[in-house]
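The following exercises are to be worked through with the structure in view. Each task is followed by a solution in steps.

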Amino acid sequence: MPQLKLTPMEAYAHMNSILIQVNAIMGTFHVENLMADDARMYDERMAKLRNRQSSADGSAASDATSEPELEWHLEDRDDSDLYFSPELGNVIFSSAVDGWAFRTENFAQIYASKLGVKVDFLRKVMWGDFYLDPKTKRAIGPKGLKGRPLKPFFVQFALENIWAVHDAVMNDREKVEKIVKALNLKILPRDLKAKDSKLLLQAIMSQWLPLADTVLMAVVDTVSPPPESQKARVALFFDNDPQLKESTRHIEEA
């Protein structure tokens, strides 16, 4: 984002817009899947009804046609786990080119003790329209701004720090050693003296916010463990075939 010449606030607005668009697409997919599943179930019920009608007398068939199970309605399913939300830990902000990545969890852990709050609380307000009141040192929402030009937690505590590192490396090398010391990083002297600012930036950012570690922790926190996910996968593959479902029951229980 600094390379795009955006300010931290502009970058935040841009990322928020992308997240909204992605979740809108996920919602569309969810509705399409619901409609397809409900249509399949309706067709199966109609097929069963026709079979009963062909083997029953007229009155029985007439009664069967009035069964409420033939009403086609869109099933309401919980879709809360489909969407991406930084406070849930399923969104990674990263630069694959420079080898760094972070979740809101990272900065919540850094600043929780400094602000005197719990990590869980800070994680919830690190994304969205939440601001730190400089007078009370408490998190407030939009109503608490009262005209003050405060910046969201995500901008103030995450993006502005990243922008500061980027600007120091690119424009003010004298600040780099102080930043490296403050972040408790171990950067080789040859990297600190490198003429190529991009190499130095990669060295600092990849140690401070390592991409691999962030991705691994996101997987651990958000992906179901194998014993639980196995059942969901088997149901997805074989649910439409009762015989296969029965024969693979031992896989679900494995």
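A residue is called buried when its relative accessible area is under 20%, exposed when it is over 50%, and partly exposed in between. The model is predicted.

**Exercise 1.** Determine whether R148 is buried, partly exposed or exposed, and do likewise for its salt-bridge partner D133.

*Solution.* The relative accessible area of R148 is 25%, so R148 is partly exposed. D133 has 8% relative accessibility and therefore counts as buried. In their salt bridge, the closest N and O atoms are 3.1 Å apart. R148 lies in the loop between strand 4 and helix 5, and D133 in the loop between strand 3 and strand 4, so the pair ties together parts 15 residues apart in sequence.

**Exercise 2.** Check whether the span of helix 8 agrees with its number of residues.

*Solution.* Helix 8 covers residues 197-208, which is 12 residues. The expected span is 1.5 Å times one less than the number of residues. This gives 16 Å, and the end C-alpha atoms are 16 Å apart, so the two agree.

**Exercise 3.** Describe how helix 8 is connected to its surroundings.

*Solution.* First, its buried residues include L200, L201 and W208. Among the elements covering the buried residues are helix 3 and helix 5. Next, at the N-terminal end, D196 acts as a cap, with a side-chain oxygen 3.0 Å from the backbone nitrogen of K198. Finally, K198 forms a salt bridge with D98, with the closest N and O atoms 3.4 Å apart. D98 lies in the loop between strand 1 and strand 2, so this pair ties together parts 100 residues apart in sequence.

Methods: Residues are numbered from 1 along each chain as its sequence is written. This is a predicted model: local features need pLDDT of at least 70, side-chain atom pairs count only at pLDDT 80 or more; totals for chains, interfaces and linings use all residues. Side-chain values use heavy atoms; hydrogens and water are left out. Helices (H or I, at least four residues) and strands (E, at least two) are DSSP runs, numbered from the N terminus. Buried means under 20% relative accessible area, exposed over 50%, partly exposed in between (1.4 Å probe, protein chains only). Contact means heavy atoms within 4.5 Å. A polar contact is a pair of N or O atoms within 3.5 Å; within protein, one must be able to donate a hydrogen and the other to accept it, and residues adjacent in sequence count only if both atoms are side-chain atoms. A salt bridge is a side-chain nitrogen of Lys or Arg within 4 Å of a carboxyl oxygen of Asp or Glu.
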